[in-house]
Amino acid sequence: MEQMKRFIDCSVGTYACNLRCHYCYVAQNYLFTQKVPEFKYSAEHVGRSLSKERLGGTCMFNICASGETLIPHEIVDYAKAILAQGHYVMIVTNGMLRKRFEEFAEFPEEYRKRLFFKMSFHYLELKRLNKFELFFSNVKLIKEMKASFTIEVTPSDELIPYIEEMKEMSLRELGALPHITVARDESKSDYPLLTKLSKEDYIKTWGQFDSMMFDFKISVFGEKRKEYCYAGNWTWTLNLLTGTMKQCYMTNYFANIYTNPNKPLHFVNIGHGCKAPHCHNAHAFLCFGAIPELQTPLYAELRNRVCTDGTEWLQPEMKAFMSCKLEAANEQTRPKKDVLINWIYNIIYRTAWTARTLLKKVDKHYKSNEIHK
């Protein structure tokens with residue numbers, strides 16, 4: 001079986017969206033805009049920058065925008081370019097854009113077998129817009145193209161009165177219950193649970209879906225990770241628009257992979273230097289094995305469902321690859337130079353942050369003086 005060399009979480013800086021979910025992280029920070037950013041790099045350049053040879057083997061890519069991922073057509077081209085390199089691609093979407101799924105359906109079968117859609121089931125928005133038929137028809141199209149998918153619900157207090165009807169609809173249309181994620185409040189620095197319920201009641205309410213995804217995420221939610229982590233090497237984050245590579249979400253700038261795509265990349269373990277209050281998207285990073293000493297479920301177990309007709313949401317190739325642990329294709333080494341490099345980057349970051357803060361204060365001071373002249 002082909003082993004996973006790296007997991008790369010890709011962001012797309014677009015806040016455009018066709019829905020207005022009240023629990024959305026973008027909505028929490030008042031960042032909604034319909035503007036689609038410029039994609040400066042061609043799909044061919046992106047694919048060449050992410051070749052198997054450069055990355056050391058076959059990788060899993062996750063592509064997610066701040067708004068709806070599939071609004072820019074370039075995402076289809078980028079996904080195809082990455083698949084052409086032999087990698088596996090996951091795409092986060094609200095499942096509303098029929099035209100995009102029709103474009104994916106035109107991919108070669110070899111590509112579609114390595115393609116996965118994380119379909120966010122935004123029940124209240126679909127109900128408000130009367131778009132259930134569109135959503136489920138797109139799920140059917142994914143099945144027909146023999147790609148993989150999962151259905152995921154973001155739990156919110158507002159959704160609780162509709163749980164029973166949502167479960168009934170899911171069983172009727174999907175043959176299985178959706179998975180449940182865990183919503184966090186990103187307006188607060190420690191990212192607490194986004195709910196007015198106690199944690200005990202929150203677990204009781206959403207645990208009824210028998211979702212291993214929810215069970216694992218809630219089990220590690222709020223836990224500061226102190227173990228040695230291979231983020232920055234086995235896993236990292238990538239801004240697909242700019243090529244900016246970082247060790248993880250809350251670490252500093254690390255490299256730009258689009259610059260000199262023929263040159264080898266250098267990886268630095270984050271080690272014990274995690275800055276996050278708890279592991280963001282732990283279900284991916286930890287279940288793929290960024291911290292190998294932790295005992296975690298397989299990622300495939302968190303995403304798959306066996307339907308009432310015996311079919312599964314994951315196709316065989318994707319299910320096998322999602323069952324990989326990164327330690328199988330990587331050595332567990334802890335270079336001392338990584339500690340030094342992380343220390344240097346932290347100093348550079350703190351210096352830059354201090355400089356920016358001072359410049360903002362100076363700018364604010366002069367603007368204030370101009371107003372009072």
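Contact here means heavy atoms within 4.5 Å, and helices (H or I, at least four residues) and strands (E, at least two) are DSSP runs numbered from the N terminus. By that contact rule, the buried residues of helix α9 are covered by elements including α7 (123-129), α8 (132-144), β5 and α10 (199-206). This is a predicted model, where local features need pLDDT of at least 70, side-chain atom pairs count only at pLDDT 80 or more, and totals for chains, interfaces and linings use all residues. Residues are numbered from 1 along each chain as its sequence is written, and side-chain values use heavy atoms, with hydrogens and water left out.

**Helix α9**

- Take α9 (residues 163-174) as a ruler check: its 12 residues should span 16 Å at 1.5 Å a residue (the expected span is 1.5 Å times one less than the number of residues), and the end C-alpha atoms are indeed 16 Å apart.
- Ile163, Met166, Lys167, Met169, Ser170 and Leu174 are buried in α9 (buried means under 20% relative accessible area, exposed over 50%, partly exposed in between, with a 1.4 Å probe and protein chains only).
- Those residues cover an arc of only 165° around the axis, so they sit on the same side of α9 (the arc is that of the directions from the helix axis to the C-beta atoms).
- Turned away from that buried side is a face with the exposed residues Glu164, Glu168 and Arg172.
- Right after α9 comes glycine 175, with a positive phi of about 75°.

**Strand β4 and its partners**

- All six of the six residues in β4 (residues 115-120) are buried, so to speak a mostly covered strand.
- Both faces are covered: Leu115, Phe117 and Met119 are buried on one side, and Phe116, Lys118 and Ser120 on the other.
- On one edge, β3 (residues 88-93) runs parallel to β4, joined by five bridges; strands pair if DSSP finds at least two bridges between them.
- Valine 89 has leucine 115 of β4 as its bridge partner.
- Strand β5 (residues 148-153) also runs parallel to β4 with five bridges, and there serine 148 stands opposite phenylalanine 116.

**Threonine 237**

- Threonine 237 lies in strand β7 (residues 235-239) and is buried, at a relative accessible area of 8%.
- Beyond its neighbours within four places in sequence, threonine 237 is in contact with Asp9, Thr244, Met245, Lys246, Gln247, Cys248, Tyr249 and Phe285.

**Cysteines**

- The structure holds zero disulfides, counted as pairs of cysteine sulfur atoms within 2.5 Å.
- Cysteine 59 is buried at 0% relative accessible area, and cysteine 324 is buried at 1%.
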